[in-house]
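User: Hi, I'm new to this one and would like a guided tour. Could you take my questions one at a time?

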Amino acid sequence: GAPSIISSHSVQSLGSRHRLFRSEQAIGGRSLGSGYRLFQPLRPMALLALAIAALAAAAVDQTCPSTNSALVLKQRPEAGVHISPSHFELVELPKPAELGEGKVLVRNLYASLDPTHRIWATDDAQYMPPASLGKPMRAATIGVVEQSNEPSLPVGSHVVGIGGLQQYYVTSAAEGAVDVGEDMPLTSHLSVLSFIIGLTAWVGTYDILDVQAGDTVVISGGAGAVGSLAGQLAKMRGARVIGIVGSDAKAQWLTSELGFDGAVSYKDGEVALVAALRAAAPNGVDKYFDNTGGVSTEAVLKAMNNGARIALCGVISGYNSGEMGLSNYQMLLHRRVKVEGFICTDHFSKYAEVKGELAALVKAGKIVYKEDIQEGLANYVPALNRLFDGSNTGKLLLKID
């Protein structure tokens, strides 16, 4: 498989194509060998000029490709199956050539891989139109401006946008492109500082759950990008925080590095998880940040206090299986639970403020985050499936080649 880079923070590869340049000279009036024709010796300066021209042509060929590699959605995945390479196709599209007024050409460097990609690929009812068949798969990206007709986005600046799984795209300030600056690690703008991760964790913890000192907060998908950040934000409010995870290594990360008060596994099933939750949260659960649904949510519902709140952020356990139902649904009634589903884009008006707050916390070393960086458009499918098989920790990104 492609290499994986997993980095903890308190913070393009282009295929090389080489052209062989060969010069030949006649020596002593004789042929250099079969197939070679006699010609006059080239002077040293002429040889140098030819070499420079060849190198320049190779450089242009390598740094200014005329095509745009893209991963397009070929067919929609059915319920009950994981996405596979058959659902996508790696193609060469024309590289955007003409820029209108205010437009910029961006070369994508990294793409954000999120559970919602599995939703976007379907034509199921969802919170935005499905990704289009035959088009580059939708994804948030960060890239560098290579051509610009917009003074606020000069060549060399880095911008975040919905650039899709492709090497190049055209955007503008009017479409939301903003120079992210150079004061934070580049990939952080797709992870801890992004609207998909940072804004989601902030809104869910502080606005939807309204976490207060003394609350017991449980977070499913606790070692994921959103869950791990939400837990740290809840701790800053003085809450007791329990993460639900799928491995001992993830549990250790939450408790030893992120400051969670406890971590429990969903792998042994609902009965074992209910017992583990009651041991970790003997006074019951007041607030639940739900990223996964499934067995985690079934167990939490049996451990909730009266008047508890749930911030419903995701149902990742059912995105492939299509099974979204709850057998313990009645506990919402019995415990008078308030449930609110939310999408980060609904709260975009406060993103700038939240991003500033998060950046300050990261710089101060008060927030820890991980990034799981996979490489190559051709590696998209196995990379995305890391979100569903439990092998991912932190924010999953794809380096675009």
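User: Leaving out residues up to four places away in sequence, which residues does glutamine 232 touch?

Analyst: Sure, and keep in mind that this is a predicted model. Glutamine 232 sits in helix 4, which covers residues 225-236. Once residues up to four places away in sequence are set aside, the contacts of glutamine 232 are Leu258, Phe260, Lys366, Ile367 and Val368.

User: Is glutamine 232 buried or exposed?

Analyst: The cut-off for buried is under 20% relative accessible area. Glutamine 232 has 4% relative accessibility, so it counts as buried.

User: Stepping back, how many helices and strands does the protein chain have?

Analyst: The protein chain has 401 residues, and 48% of them count as buried. Its exposed surface is about 18800 Å², with carbon and sulfur atoms supplying 54% of that. As for secondary structure, the tally is 10 helices and 15 strands.

User: In what order do the 6 strands of the open sheet come?

Analyst: The pairing in this sheet is parallel. Strand 10 (262-265) and strand 13 (338-341) are the edge strands, each pairing on one side only. From one strand to the next, the twist averages 20 degrees. Reading across, the order is 10-9-8-11-12-13.

User: Which residue in strand 9 is the bridge partner of threonine 216?

Analyst: Strand 8 (residues 216-220) and strand 9 (residues 240-245) run parallel and are joined by 5 bridges. In one of the pairings, threonine 216 meets its bridge partner in strand 9, arginine 240.

User: What angle does helix 4 make with strand 8?

Analyst: Helix 4 packs on the sheet, where it touches strand 8, strand 9 and strand 11 (285-290). Helix 7 (residues 294-301) lies across strand 8, strand 9, strand 11 and strand 12 (304-312), at about 165 degrees to strand 11. For helix 4 and strand 8, the angle between directions is about 170 degrees.

User: Which residues touch the most other members of the largest nonpolar core?

Analyst: Nonpolar side chains tend to be buried together in soluble globular proteins. Here the largest nonpolar core has 54 residues, and helix 3 (residues 195-208) gives the largest share, 9 residues. A second, separate core has 25 residues, including Met137, Tyr319, Leu377 and Ile400. Back in the largest core, the members touching the most others are Leu229, Leu233, Leu358 and Ile367.

User: What does leucine 358 touch, not counting residues up to four places away in sequence?

Analyst: Leucine 358 is one of those members of the largest core that touch the most others. With residues up to four places away in sequence left out, leucine 358 touches Val192, Leu193, Gly198, Trp202, Leu229, Leu233 and Ile367.

User: Which residues of strand 6 point the other way from His158 and Val160?

Analyst: In a regular strand, side chains alternate between the two faces of the sheet. Strand 6 (residues 158-161) pairs with strand 5 (residues 141-148) in the antiparallel sense over 4 bridges, and glycine 143 has valine 159 as its bridge partner in strand 6. His158 and Val160 point one way, and all the residues named for this strand are buried. Pointing the other way are Val159 and Gly161.

User: How far apart in the chain are lysine 395 and aspartate 114?

Analyst: These two form a salt bridge, with their closest N and O atoms 3.1 Å apart. Lysine 395 lies in strand 15 (residues 395-399), and aspartate 114 in the loop between strand 4 (103-112) and helix 2 (116-120). Lysine 395 is buried at 2% relative accessible area, and aspartate 114 is buried too, at 5%. Along the chain, the pair is separated by 281 residues.

User: Is lysine 350 buried or partly exposed?

Analyst: Lysine 350 forms a salt bridge with aspartate 207, whose relative accessible area of 35% makes it partly exposed. The closest N and O atoms of this pair are 2.7 Å apart. Lysine 350 has a relative accessible area of 25%, so it is partly exposed.

User: And which residue does lysine 287 meet in a salt bridge?

Analyst: Lysine 287 is in strand 11, and its partner is in the loop between helix 3 and strand 8, 72 residues apart. Lysine 287 counts as buried at 9% relative accessibility, and the partner is buried at 12%. The N to O distance is 2.7 Å, and that partner is aspartate 215.

Methods:
Residues numbered from 1 in each chain as written. Predicted model: local features only at pLDDT ≥ 70, side-chain atom pairs only at ≥ 80, totals over all residues. Heavy atoms only, no water. Core = buried A, V, L, I, M, F, W, Y, C linked by side-chain atoms within 4.5 Å. Buried < 20%, exposed > 50% of the residue type's maximum accessible area, 1.4 Å probe, protein only. Helix = DSSP H or I, 4+ residues; strand = E, 2+ residues; numbered from the N terminus. Contact = heavy atoms within 4.5 Å. Areas by Shrake-Rupley, 256 points an atom, 1.4 Å probe, with all protein chains shown as cover. Pairing = 2+ DSSP bridges. Axes fitted to C-alpha atoms, helices over the stretch in contact; angles between N-to-C directions. Salt bridge = Lys/Arg side-chain N within 4 Å of Asp/Glu carboxyl O.
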